[in-house]
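Please look through the sequence and the structure shown here, and then read the report that follows, which moves from single residues to the whole chain and back again.

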Amino acid sequence: FKRIPNAYMSLEFLYLSSNSINQVNINMFRSLKNIKIIELGNNLIEQIDTDAFSGLDNIKELYFGRNNLTNFDSCSTIQSLADKTKFTLEKLVLTENELTQIKANTFGCFSNLKVLEVIGNSIEEIDLNSFKNLNKLEVLNLEDNDLKSLEKSELFNGLANLKQLFLHENLISIIGQSVFKTLGNLELLHLALNQIETVDALLFDGLTNLKILHLDNNPIRAI
């Protein structure tokens, strides 16, 4: 369908998982001014139109798991919104899509995000400052991707309130000494099931609130 009828404008929760939807167009959710949660998992979605989310004034959670997205541009989805900081989305799930890279505009315009799950994609690269606007984010899950290196010290800049970082089941073998330095509120760091052989003595400096650290199932030889 191309548009949810006006008769459903009072909806707060909409579940459309396990259908054959292949595109989210600009008018699909225009009438849903009260909607808080939209579940679109397990469809065939390849494209999200420009301004597809601009009319979702009260949205809190969007679920796009198990689709065919190769690109996601947060700024494009709310392009006509004059003050993008007012976009209310707090949780975004993009599990099991076909994303290969995280860029500055991938999530940068969703500044109220608290939970971001990008599990089971094919992400190989994260651009510098990709998370710089996400200072409310508390949970970042990048489990089961193709990351090989975390060398850039600015990689997680902006994530001042991050509490949980999941990086397990990647291909990580290189971690820069200062990559976690700005994550002073981090409580859980999951690095299991990677290719880490050595752990630098200064790697976790600055993580004064860290309570749980997973380094299991790595070929670690020295700490």
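In which loop does D144 lie? D144 lies in the loop between β10, which covers residues 139–141, and β11, which covers residues 149–150. The model is a predicted one, and in it the phi angle of D144 is near 60 degrees, a positive value in a residue other than glycine. D144 is partly exposed, because its relative accessible area of 36% falls between the limits of 20% and 50%. R66 is a further residue other than glycine with a positive phi, again near 60 degrees, and its place is in the loop between β5 (61–63) and α1.

**The protein as a whole**

The secondary structure of the protein comes to two helices and 15 strands. Along the principal axes, the C-alpha atoms fill a box of roughly 65 × 30 × 25 Å. The radius of gyration is 18 Å, which agrees with the value near 17 Å that a compact globule of 223 residues would have. Of the 223 residues, 46% count as buried, while the protein exposes about 10600 Å², of which carbon and sulfur atoms supply 45%. If one takes the contacts with a separation of 6 or more, 63% of them are accounted for by residues 24 or more positions apart.

**The nonpolar core and two of its surroundings**

The largest nonpolar core has 61 residues, and those with the most contacts inside it are F29, F53, F64, L92, F156, L167 and F180. When residues up to four places away in sequence are not counted, F29 touches I4, L14, L16, V24, I38, L40, A52 and L56.

A second place to look is L165, which lies in strand β12, residues 164–166. L165 counts as buried because its relative accessibility is 0%, where buried means under 20%. Again leaving out residues up to four places away in sequence, L165 touches L140, F156, F180, L183, L186, L188, L189 and H190. L165 and I123 are 42 residues apart in sequence, and their C-alpha atoms are 16 Å apart in space.

**The disulfide**

How many disulfides does a search of the whole structure find? The search finds one, and it is formed by C75 and C109, whose sulfur atoms are 2.2 Å apart. The pair links distant parts of the chain, 34 residues apart, with C75 in helix α1 and C109 in the loop between α2 (104–107) and β8 (115–117). The torsion about the S-S bond of C75 and C109 is about 90 degrees, so the disulfide is right-handed.

The table below sets out the relative accessible areas of the two cysteines, together with those of the residues discussed above.

| Residue | Relative accessible area | Class |
|---|---|---|
| C75 | 22% | partly exposed |
| C109 | 14% | buried |
| D144 | 36% | partly exposed |
| L165 | 0% | buried |

**A polar contact in a loop**

The last residue to consider is T88, whose place is in the loop between α1 (74–77) and β6 (91–93). A polar atom of the side chain of T88 lies 2.5 Å from the backbone oxygen of I59. Leaving aside its neighbours within four places in sequence, T88 is in contact with L56, D57, N58, I59, K60 and N112. One of these residues, L56, is also touched by F29.

Definitions and conventions:
Residues are numbered from 1 along each chain as its sequence is written. This is a predicted model: local features need pLDDT of at least 70, side-chain atom pairs count only at pLDDT 80 or more; totals for chains, interfaces and linings use all residues. Side-chain values use heavy atoms; hydrogens and water are left out. A nonpolar core is a set of buried Ala, Val, Leu, Ile, Met, Phe, Trp, Tyr and Cys residues joined through side-chain atoms within 4.5 Å. Buried means under 20% relative accessible area, exposed over 50%, partly exposed in between (1.4 Å probe, protein chains only). Contact means heavy atoms within 4.5 Å. Helices (H or I, at least four residues) and strands (E, at least two) are DSSP runs, numbered from the N terminus. A polar contact is a pair of N or O atoms within 3.5 Å; within protein, one must be able to donate a hydrogen and the other to accept it, and residues adjacent in sequence count only if both atoms are side-chain atoms. The radius of gyration is taken over C-alpha atoms; the globule rule is 2.2 Å times the number of residues to the power 0.38. Accessible areas come from the Shrake-Rupley method with a 1.4 Å probe; for residues, only the protein chains shown count as cover. A disulfide is a pair of cysteine sulfur atoms within 2.5 Å.
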